[in-house]
Amino acid sequence: MLSFESVSKSYWTGTQHKVILADASFTITPGMRLGVLAQNGTGKTTVINMMAGLEKPDSGKIHRNCSVSFPLGFMGGLITKHTATENIRYIATLYSLDPDYVEAFCRWMCDIGEYFDMPIGTYSAGMRARLALALMLAMNFDLYLVDEGMPSTTDTAFNKRAGTVMQERFDQSGLVIVSHQVETLQQFCSSAAVLRDGKMYFFDTLEQAKELYDYSS
């Protein structure tokens, strides 16, 4: 379970405080598959980074009584001058996992051949997306976090492999996806929320959330 208790977060833009959350309290329960709709610039990445522990709130508390993934799309933990092999094995040790298993899984999932042993800085955007998804799926978390949806590629075989593993992982764990597009959430989420004016509005269905989201857009 992950919960926000009276959490507030804002940024100084140079002219005013941009409020991301204002005294927000909510709980992500075990097995919850939540899609959060938010317009660009409203702070959805900040919210998911706070869930992951990458950013701290200005006030309030965030309780993590479960294992929480890094947000899919977050590449801050990867060093671009090092190879995928070097990065993967180092990160595996940080999570107390078997480096041989994590490396083998990511090699199989990515299927990028010799590039796996080349610096990540030489990768295309698609190859980086493959690596980020493979790394997240190589680890078992109680709650997976996704910022702006699943990466898509033109490689049918990769999409099939990734889709199968994602479904297995998400069937056994919780999931939070933040996006500004309703279509991104439809495949994976069973409930939804809207981030608007520093508040999170929760709904039982995506259709209910969409009504408020479309109204406020």
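In this predicted model, Leu94 lies in helix α2. The relative accessible area of Leu94 is 54%, and because a residue counts as exposed over 50%, Leu94 is classed as exposed. Leu94 also belongs to a nonpolar patch on the surface, which is formed together with Tyr90, Tyr95 and Leu97. The accessible area of these four residues together is about 400 Å².

Helix α2, which spans residues 84-94, is also one of the elements against which the buried residues of helix α4 pack. Helix α4 covers residues 125-137 and has 13 residues. From its first C-alpha to its last, α4 reaches 18 Å, close to the 18 Å expected at 1.5 Å a residue. The buried residues of α4 are Met127 and Arg130, followed by Leu131, Ala132, Leu133, Ala134, Leu135, Met136 and Leu137. Besides α2, the packing partners of these buried residues are α3 (99-110), β5 (143-147) and α5 (156-172).

Strand β5, a packing partner of α4, is mostly covered, with 5 of its 5 residues buried. The cover extends to both faces of β5. On one side Leu143, Leu145 and Asp147 are buried, and on the other side Tyr144 and Val146 are buried. Strand β5 is joined by 5 bridges to strand β6, which consists of residues 174-179. The two strands run parallel. Within this pairing, Leu143 of β5 stands opposite Gly174 in β6.

Technical notes. Residues numbered from 1 in each chain as written. Predicted model: local features only at pLDDT ≥ 70, side-chain atom pairs only at ≥ 80, totals over all residues. Heavy atoms only, no water. Helix = DSSP H or I, 4+ residues; strand = E, 2+ residues; numbered from the N terminus. Expected span 1.5 Å × (residues − 1). Buried < 20%, exposed > 50% of the residue type's maximum accessible area, 1.4 Å probe, protein only. Contact = heavy atoms within 4.5 Å. Pairing = 2+ DSSP bridges. Patch = residues over 30% accessible without salt bridge, like charges linked within 9 Å, V, L, I, M, F, W, Y side chains within 5 Å. Areas by Shrake-Rupley, 256 points an atom, 1.4 Å probe, with all protein chains shown as cover. Salt bridge = Lys/Arg side-chain N within 4 Å of Asp/Glu carboxyl O.
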